[in-house]
Amino acid sequence: MRYQNIVILTGAGVSAESGLNTFRGADGLWENHRLEEVATPEAFARDPQLVQRFYNQRRHQLNSVVPNAAHIAIAQLQREHSGAVFLITQNVDDLHERAGSEFVLHMHGELKRARCQSTGKVVPIEDDLSPDTACTVCAASGCLRPNVVWFGEMPIGMDAIEVALNQADLFISIGTSGNVYPAAGFVQLARQVGAHTVELNLEPSQGANLFQEHHHGMASEVVPAYVAELLAGS
């Protein structure tokens, strides 16, 4: 076995091929909203109806798409690799799970979960949320917020991610821009422990020079090809 402990980081480029909008365009807007209007705790406190509507729309879009070949290949690697495959995603969609991945750490949260602001408990959701929605945990109206990490908030699972990176002998970054921290720094942590680092991306990311190996192209093409190489070498 060439690699035993694999850590994978995925970003928006993996889900984009399934038809999901990346939401953050070159103009800094998310579906014509300034991020300060829909992606901060202050925005939710100021206009919860707007914020809930924004994430309701994203949830609706998620229900209209399916996993692509990249999601399926990653799930296959988790299933067939004889060692460990620790999957971290910056995406808030559930396409990895729907492709068959049994373990996914969503460091930026999940669209199909909400959090009770009184207790911190996270619950699954399918229906739209509004300021009038009764919390399924504490029964208070307007208590449930999207379980999405907003700007200024700490990503989820950082301790577990650090442990996994410290044990990695292979780190693969897929479909990420390389300019959003702390995720952009994962490659450096992996290199510090001697892991081989690989970038699979549509084009070189901002941190491309930190990777030892590069494969550029559509995620639905380069990811299955690279996974096939890994499994053939096992």
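These legends describe close-up views of a predicted model.

**View 1. Six strands form an open sheet.** The strand order is β5-β4-β1-β9-β10-β11. The pairing is parallel. Two strands sit at the edges: β5, residues 105–106, and β11, residues 213–216. Each edge strand pairs on one side only.

**View 2. Strand β4 pairs with the edge strand β5.** Strand β4 covers residues 84–89. The two strands run in the parallel sense, and two bridges join them. Look for I88: it stands opposite L105 in β5.

**View 3. Helix α9 packs on the sheet.** Which strands does α9 touch? The helix touches β1 (5–10), β9, β10 (196–201) and β11. The direction of α9 makes about 165° with that of β9.

**View 4. The model holds one cavity of 30 Å³ or more.** The space in the largest cavity comes to about 40 Å³. Its lining includes I8, I74 and L77. I172, I174 and L200 also line the cavity. V223, Y226 and V227 complete the lining.

**View 5. Three elements each give two or more residues to the lining of the largest cavity.** They are α5 (69–80), β9 (170–174) and α9 (219–232). Which element gives the largest share? Helix α9 does, with three residues. This is the helix that packs on the sheet.

**View 6. What classes of residue line the largest cavity?** Nine nonpolar residues make up the lining. The lining has no polar residues and no charged residues.

Technical notes: Residues are numbered from 1 along each chain as its sequence is written. This is a predicted model: local features need pLDDT of at least 70, side-chain atom pairs count only at pLDDT 80 or more; totals for chains, interfaces and linings use all residues. Side-chain values use heavy atoms; hydrogens and water are left out. On a 1 Å grid over the protein atoms alone, a cavity is a set of points where a 1.4 Å probe fits but cannot get out, and a pocket is an open set with protein on both sides within 12 Å along at least five of seven lines; lining residues have an atom within 4 Å of a point. Grid points are joined across faces, edges and corners, and a volume is the space filled by probe spheres set on the points. Helices (H or I, at least four residues) and strands (E, at least two) are DSSP runs, numbered from the N terminus. Ala, Val, Leu, Ile, Met, Phe, Trp, Tyr, Cys and Pro count as nonpolar, Asp, Glu, Lys and Arg as charged, and the others, Gly among them, as polar. Two strands pair if DSSP finds at least two bridges between them. Contact means heavy atoms within 4.5 Å. Axes are lines fitted to C-alpha atoms, for helices over the stretch in contact, and angles run from 0 to 180 degrees between N-to-C directions.
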